[in-house]
Amino acid sequence: PKPKTTTTKPKAATTPPKKTSGAPAAGETRRFAWAPVDGAVGYHVELFRGNDRVLAQDTKEPVLELAPSWRYQGRNVTLTPGEYRWYVWPVTASGRGTQAVVQAKLTV
């Protein structure tokens, strides 16, 4: 008798895990950080979506941890997909600087 030949089915291809850009997913805290400024006792941070300011906050350190949602001028605000601009001004003993040390874009 002839020997039996068997064939094996190829294994199903597995989808590799999606690569992430390192950006936080929706609903996660975002960390904004910048180089410290000599003589600064704090920093003033503002975030804009289009022409609308959606955040104005002071911090003592050159970093801001932004929660997934916050209140600004009596409204609940969340980062929705789109383009944002953020600015940072150093605050010294004599007041807030006139020149922003950060002028950056954020895409959500």
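Here are some notes on this structure, which is a predicted model.

1. **Overall layout.** The secondary structure of the protein chain comes to nine strands and zero helices. Reading along the sequence, you get β-β-β-β-β-β-β-β-β. Take the contacts between residues at least 6 apart in sequence: 53% of them join residues at least 24 apart.

2. **Burial and surface.** The protein chain has 108 residues, and 28% of them count as buried. About 8400 Å² of the protein chain is exposed, with carbon and sulfur atoms supplying 53% of that area.

3. **The core.** In soluble globular proteins, nonpolar side chains tend to be buried together. Here, the largest nonpolar core has 18 residues, and W34, L47, W70 and W86 are the ones with the most contacts inside it. As for where this core comes from, at least two residues each are supplied by β2, β3 (52-59), β4 (63-66), β5 (69-72), β7 and β9 (102-107).

4. **Aromatic pairs, starting with W34 and Y43.** Searching the whole structure turns up five aromatic pairs. What kind of pair do W34 and Y43 make? Their ring centres are 5.5 Å apart and their planes sit at 75 degrees; the cut-off for edge-to-face is over 60 degrees, so this pair is edge-to-face. Both W34 and Y43 are buried.

5. **W34 with W86.** These two form a tilted aromatic pair, with 6.2 Å centre to centre and 55 degrees between the planes. W34 belongs to the loop between β1 and β2, while W86 is in strand β7 (residues 83-92), so the pair ties together parts that are 52 residues apart in sequence. W86 is buried, as is W34. Stepping back to the wider group, ring pairs link F32, W34, Y43 and W86 into a cluster.

6. **Who else W86 touches.** Not counting residues up to four places away in sequence, W86 touches F32, A33, W34, E46, L47, V102, Q103, A104, K105 and L106. Two of the names in that list, W34 and L47, also appear with W86 among the residues with the most contacts inside the largest nonpolar core.

7. **A charge over a ring.** If you're looking at W89, check R96 too: R96 lies over the face of W89, at 4.7 Å from the ring centre.

8. **β1 and its partner.** β1 has a covered face made of R30 and F32, and an uncovered one made of R31 and A33. β1 and β4 run antiparallel and are joined by four bridges. One of the residues to look at here is A33, whose bridge partner in β4 is V63.

9. **The β5 and β6 hairpin.** β5 is joined to strand β6 (residues 75-78) by four bridges, and the two run antiparallel. S69 stands opposite T78 in β6. There are two residues between the strands of this hairpin. Which residue there has a positive phi? That's Q73, with a phi of about 50 degrees although it is not a glycine. Q73 sits in the loop between β5 and β6. Is Q73 buried or exposed? The cut-off for exposed is over 50% relative accessible area, and Q73 has 60%, so Q73 is exposed.

10. **V41.** You'll find V41 in the loop between β1 (30-33) and β2 (42-49). Its relative accessibility is 48%, so V41 counts as partly exposed. Leaving aside neighbours within four places in sequence, V41 is in contact with K60, V91, T92 and A93. V41 and S94 are 53 residues apart along the chain, and their C-alpha atoms are separated by 9.8 Å.

11. **P81.** This proline is in the loop between β6 and β7. With 64% relative accessibility, P81 counts as exposed. Apart from residues up to four places away in sequence, P81 touches R49 and V108. The C-alpha atoms of P81 and T107 are separated by 7.3 Å, and the two residues are 26 apart along the chain.

Technical notes. Residues are numbered from 1 along each chain as its sequence is written. This is a predicted model: local features need pLDDT of at least 70, side-chain atom pairs count only at pLDDT 80 or more; totals for chains, interfaces and linings use all residues. Side-chain values use heavy atoms; hydrogens and water are left out. Buried means under 20% relative accessible area, exposed over 50%, partly exposed in between (1.4 Å probe, protein chains only). Contact means heavy atoms within 4.5 Å. Rings of Phe, Tyr and Trp (its six-membered ring) pair if their centres lie within 6.5 Å; planes under 30 degrees apart count as stacked, over 60 as edge-to-face and the rest as tilted. A charge sits over a ring if NZ of Lys or CZ of Arg is within 6 Å of the ring centre and within 35 degrees of the ring normal. Accessible areas come from the Shrake-Rupley method with a 1.4 Å probe; for residues, only the protein chains shown count as cover. A nonpolar core is a set of buried Ala, Val, Leu, Ile, Met, Phe, Trp, Tyr and Cys residues joined through side-chain atoms within 4.5 Å. Two strands pair if DSSP finds at least two bridges between them.
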